[in-house]
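Student: I would like a close look at a single part of this protein, namely its pockets and what surrounds them. Could you take me through that part carefully, in one connected account?

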Amino acid sequence: MNATSTTLEPILDFLARTLTTAETTFNKLPGSAVIQRYVKSSHQNDPGRTILELILFIFAVRTLLQSRTRADKNFIQFSDKEVDELVDEWTPEPLAQSLTPQEENDLAAVPIISGPNGPKPKLASTGKTAVNLASYNFTGLSGNEEIKERAVEVLRKYGLGSCGPPGFYGTLDVHMELERDIADFLGTEAAILYSQGFSTISSVIPAFCKRGDIIVADRGVNFAIQKGIQISRSTVRWFDHNDLKSLEEVLESVEKERKKRRGPLTRRFIVTEGIFEKDGAMVDLPKLIDIKFKHKYRLVLDESISFGTVGRTGRGLTELYNVPASKVDMLIGSVANGLNSCGGFCAGSQIVVNHQRINGLSFVFSASMPALLSVAASEGINILRNAPSILATLQENTQAARAILDRLDCITIPSHPASPIIHIHVRNTKSSLHPATAATIVPSTKPSNPTSIMPKDAASWDWDIPAEEKLLQDVVDEALVQGVIITKAKRLRGQEMVDARPSIRLAMTSALTKKETEKAVNVVKSALVKVLGKRR
């Protein structure tokens, strides 16, 4: 026994000295006292947890120390010559698919404007002027002499670029003036300015909607809204396109689902458009506001098309339906579309606006718009305030165009009669219905699936997208030959959640007289009849 003790005594003495040295060294490390208190507290309250953490620590150390590569029995050793031969034979995959012949023809057919754009620009290919029914020059502000003079003055004073995002010395006094002008024009507490139109709604949505929140969105929303919804990572439920009865059903199903799983109350949003970019349909805003308050949801309304185009002075749907803008939680508009400048805005309460100044992706990271474009937009608002006849002319031209096109039996038009953008679809000889009108014309008894963006009648869609794209491009080319510029609605096939049906999109403008509008639309009519008549 004494011999055994004598043998172990040096070993125990060495272990004791080692532990003492390790403890002294550990105590010298910054934060060691905090770790000691944590371990003692953890062991006292739950000794099993300490053992588990020790095992995990040992496992982590073992994983870090072991070799990252394992022997592979099937590993083949190539010589340098063989490696070189394999590298020479390897062909990388292309970064993108080659354009189809139709896509190449479409690109080649895009007209190039020589000089300033406007209602009657000059074509670079022919040197002749053409009537422009393709550009978003709704109120004719493009080329306005008063705006041009003010823009030149600002260019001389401020220079061109802003040289930074709004939060990094990119905010100019003219930016703040435009924000105040927009808020005052719409009747909201405040407004925030974004320098890119597309990035506005796709930044606003994720600034407020987070994982776990509920978004109930229209199935027909534009691509920018789709991207914003994807970025937000919120739980999404879809209602049938521009069908407020379907919206109510989805809202009720969301609440039933929450009660069934006893989930907590979360932030809930309705996301839709005023006038839909995809087909020109218009939402019933008063009814939408009633539904929003009834079910206690916040409303995100994209008025990128309706702002500057409808209402007595172009204030959008809130003016058209006499609804206070304060009832819309987040009202998004396009400065590019409505005021012929660039960028977009979000109007709402002061809290909503201030939150975006530190959380809106595009606002925080993108350079603010040039000063001259801000002043141009402010001047545009002043013109709309003081000359409501501009909007009256726009609506008169829109009605004149619809009076001509509605009589054609070879096309269908899903757009609202007051919409300044008119979408034209090829009438399907098989009598299939466009998704924007199918729900109202042929009611389906099949319930809509709110978890899927695909409409309930999607299975009945039998149009041929490539064939219709080609037909419509032929119409565009024929109209251009006769001196009228029109365009197909541009789509990102394969990137949007639902591929929209091909259409020609006309953009009405108050810069043309009623007689000029009728003449141009009659050219479009003759092109439609000529091209589509060949199918029969």
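Tutor: The largest pocket has a lining of 17 residues, and those nearest its centre are Glu103, Asp106, Glu469, Arg491 and Arg493. Please keep in mind throughout that this is a predicted model. The volume of this largest pocket comes to about 610 Å³. Two helices, helix 5 (101–108) and helix 20 (465–481), each supply at least two residues of its lining, and helix 5 gives the most, with 4 residues. Sorted by class, the lining of the largest pocket holds 7 nonpolar, 3 polar and 7 charged residues.

The second largest pocket encloses about 480 Å³ of space. Its lining is made of 22 residues, of which Phe198, Asn222, Phe223, Ala224 and Glu277 lie nearest the centre. The elements that give two or more residues to this lining are helix 9 (197–208), helix 10 (223–232), strand 9 (330–334) and helix 14 (335–339), and the largest share, 3 residues, comes from helix 9. By class, the lining of the second largest pocket divides into 8 nonpolar, 7 polar and 7 charged residues.

Helix 14, which gives residues to the lining of the second largest pocket, also leads to helix 17, since helix 14 is among the elements against which the buried residues of helix 17 pack. The other elements in that packing are helix 6 (145–158), helix 8 (173–186), strand 4 (190–194) and helix 18 (389–405). Helix 17 is mostly covered, with 12 of its 16 residues buried, and among these buried residues are Ala371, Leu372, Ser374, Val375, Glu379, Gly380, Ile383 and Leu384. The length of helix 17 (residues 371–386) agrees with expectation, because 16 residues at 1.5 Å a residue should span 22 Å and its end C-alpha atoms are 23 Å apart.

Helix 20, which contributes to the lining of the largest pocket, leads in turn to methionine 454, a residue of the loop between helix 19 (435–441) and helix 20. Methionine 454 has 37% relative accessibility and therefore counts as partly exposed, the range for that class running between 20% and 50%. Leaving aside residues up to four places away in sequence, methionine 454 touches Arg219 and Val498. From phenylalanine 59, methionine 454 is 395 residues apart in sequence and, C-alpha to C-alpha, 48 Å apart in space.

Conventions. Residues numbered from 1 in each chain as written. Predicted model: local features only at pLDDT ≥ 70, side-chain atom pairs only at ≥ 80, totals over all residues. Heavy atoms only, no water. 1 Å grid on protein atoms, 1.4 Å probe; cavity = no way out; pocket = protein on both sides within 12 Å on 5 of 7 lines; lining within 4 Å. Points joined across faces, edges and corners; volume = space filled by probe spheres on them. Nonpolar A, V, L, I, M, F, W, Y, C, P; charged D, E, K, R; others polar. Buried < 20%, exposed > 50% of the residue type's maximum accessible area, 1.4 Å probe, protein only. Contact = heavy atoms within 4.5 Å. Expected span 1.5 Å × (residues − 1).
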